[in-house]
Amino acid sequence: MGQSLRLVTAWRPQGSSRKAATAVPSILRDFSPVGAGELDLLRSASTVSAVLLAIYVYRLLAPSAKGSIKQLGGIPIITAWTFFTKRYDFLWGHFKKSTDPHFRFQVLQHQVVALRGEEARKAFFDTKSLDFIEGYKILMGGAPRLNDIDVSDKGGDVPWFNKQLLSLLNRKRLTDALPTLLDDINNRMLGWGKTGSFDPFKNIYDLVFQMTVRMASCAELAQDMEVLNEVQKLYWTLEKSATPTALLLPWFPGPAKKAKEAATKELFMKLYGYVELRRNAEVPSSDAIDVLIGQGLSSQEIVGFVLGVVFAGVINTGINACWALVYLASHKDWKAKAKAEVDALIEKHTNTSSPEILAKRLAAIPVSVWDDEMPVMEAVIRETIRMTLTGTALRRNLIEELTVANGTIQKGDFVAYSIADVHLNDEIYSDPYTFDPTRFDAGREEDKKATFAYMGWGAGRHPCTGMKVAKLEIKVIVAMMLAGFDFDIVDKAGKPMAKIPVPDRNDIQQSRPLGEPCYFKFKRIVD
Ligand code: HEM
């Protein structure tokens, strides 16, 4: 096990490593169920042992019988533990050992099939029998389940959730929300002072949290900083309660389960209070909670919906707002291009000689322009998401036995697809670890090289329904930073970073930089 972990840690899923896996010595070493010292012993053992070893290795290397998917050996609880603690290394470490498009392993009583390759990807995202909610519920955790606190929950009804989301996040509503979102950002930024430094993985997440709550709930909650901070704390308690123990032994009455239930209850009660407050208000507002009340939803349904938006939105939008800024700060040419784009729009859509603050001037740029007339920002966000979104999509096969890439997926099996399989694949993206937004330009279009080669917003049966609001939030945060501040990326000592930060691909929750943390040293240049 130790040896396999070392191999795992050193690996990165570039196409070349897959090719390397076909070289005989590497295969022998990787597939060997014994350590190097033990192999030496075996080499000097009797002919009988050598023959037995040869048969054993042959059986491991021989093509699988039709329909069978190789099963990982080892102790299921240890396999499962690594799947939860270092998911990226776990999946790619095992893929490295073979050229197969799949392998199978056990997580307690559950069977999980990991897939890779174009055929598998297409099946994964297009097949009806592979259920989205069931996949994430058990193998991901995090999001609260109201059923756990004896409250009926529509959270598992994705079409219902999407319908509410689309009714709330249309262009008209985003237009109405834009000035308030920019005010929220500005107020937070005023709190940073005129010069200083901050951890983007704290301050930018705080911003995104407030913006997400603003879009999904009501003004009373979004602007009460004290309650908002409490809600945010509960949110992170829940995100972090998805410990291996809590996921593997959900019935176990340990501290993680207790903390999760207490946080779910408290969060539910707080949000419920705001829904009731709005229900009893004399004058309805245009905030999300009021719209949902107007549509006849019960208070429980509204709380479930608000929680759904927060859990679907905060992490992804937060991660990508942070990394877009980190990549821009690390690539001065792109930072200059993106800033020029924002400055040109301010120039075009606002009166630059007016004394209005930057947030007000940015709010005067129509949402249609934010959506459609920012090619540099679009490419930066697209490339940022390609580089950061390398986590694992999950499904559960609920309806019927399936054959995918010649392997049988039984009814009840879980299925895992690591998005790194496309996003960091050097047969699709040249030099995939380098930030290069021009890879999407006409003439190159690397994201069109294979089926579902770009998975940034999902594909097939479950495309992201929050894309528009997420992009708008990232763009306004980045625009406020570019137009309002001089900022540089620095290390803890305030010195320029020695290397461009890389996301920790095992950090499922926050995708913080691997190794040394980074900070932004800033100076406010436009109020
Ligand atoms: C930069 C931010 C975001 C990124 C990169 C992102 C990415 C994705 C991806 C890759 C999927 C597909 C997952 C899968 O197939 O397993 C997805 C689905 C989804 N996303 Fe997002 N997302 C973002 C923000 C948001 C926000 C802000 C919301 C809600 C307000 C949201 C709501 C959803 C929902 C509801 C689905 C499932 C849709 C369905 O099953 O029909 N996302 N997202």
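In which helix is Thr 388 found? Thr 388 is found in helix H22, which covers residues 375-388; helices (H or I, at least four residues) and strands (E, at least two) are DSSP runs, numbered from the N terminus. Residues are numbered from 1 along each chain as its sequence is written. This is a predicted model, in which local features need a pLDDT of at least 70 and side-chain atom pairs count only at pLDDT 80 or more, while totals for chains, interfaces and linings use all residues.

**Confidence and overall make-up**

The pLDDT is the predictor's confidence in each residue, from 0 to 100. The mean pLDDT of the chain is 85, and 84% of its residues reach 70 or more. Over residues 1-66, however, the pLDDT is below 50, although this stretch has 53 contacts in the model beyond near neighbours in sequence; a contact joins two residues if their C-beta atoms, placed from the backbone, lie within 7 Å. Where pLDDT is low, the predicted coordinates should not be read in detail. For the complex, the predictor gives an ipTM of 0.99 and a pTM of 0.86.

The chain has 24 helices and 10 strands. Of its 527 residues, 39% are buried, where buried stands for 20 or more other C-beta atoms within 10 Å of a residue's own, exposed for 12 or fewer, and partly exposed for the range in between, with C-beta atoms placed from the backbone. Among the contacts with a separation of 6 or more, 75% join residues that are 24 or more positions apart.

**The shell around the ligand**

The ligand has 24 residues around it, and Gly 313, Asn 316, Gly 458, Cys 464 and Gly 466 come nearest; a residue is near a molecule if its C-beta atom, placed from the backbone, lies within 6 Å of it. Helix H10 (158-168), helix H18 (299-330) and helix H24 (467-484) each supply at least two residues of this shell, and the largest share, six residues, comes from H18. By class, the shell has 14 nonpolar, 10 polar and no charged residues, where Ala, Val, Leu, Ile, Met, Phe, Trp, Tyr, Cys and Pro count as nonpolar, Asp, Glu, Lys and Arg as charged, and the others, Gly among them, as polar.

**Core and helices**

A nonpolar core is a set of buried Ala, Val, Leu, Ile, Met, Phe, Trp, Tyr and Cys residues joined through C-beta atoms within 7 Å. The largest one has 130 residues, and those with the most contacts inside it are Ala 324, Leu 325, Ile 477, Val 478 and Met 480. H18 gives the most to this core, with 19 residues. Leaving aside neighbours within four places in sequence, Ile 477 is in contact with Ile 185, Ile 204, Leu 207 and Ala 321.

In H10, Gln 164, Leu 165 and Leu 168 are buried. These residues lie on the same side of H10 because they cover an arc of only 100° around the axis, the arc being that of the directions from the helix axis to the C-beta atoms. The buried residues of H10 pack against helix H11 (171-190), helix H17 (288-294) and H18, whereas the face turned away from the buried side carries the exposed residues Pro 159 and Leu 166.

Helix H7 (residues 87-95) is largely enclosed by the rest of the structure, because eight of its nine residues are buried; among them are Arg 87, Trp 92 and His 94.

**Individual residues**

Thr 388 is buried, with 23 other C-beta atoms within 10 Å. Not counting residues up to four places away in sequence, Thr 388 touches Ile 319, Asn 320, Trp 323, Pro 503 and Ser 511. Met 374, in the loop between helix H21 (367-372) and H22, is also buried, with 22 other C-beta atoms within 10 Å. Beyond its neighbours within four places in sequence, Met 374 is in contact with Glu 341 and Lys 475.

Most residues other than glycine have a negative phi. The table gives two residues with a positive phi.

| Residue | Phi | Loop | C-beta neighbours inside 10 Å |
|---|---|---|---|
| Asn 406 | about 65° | between strand S6 (402-404) and strand S7 (407-409) | 15, partly exposed |
| Phe 452 | near 50° | between helix H23 (420-423) and H24 | 18, partly exposed |
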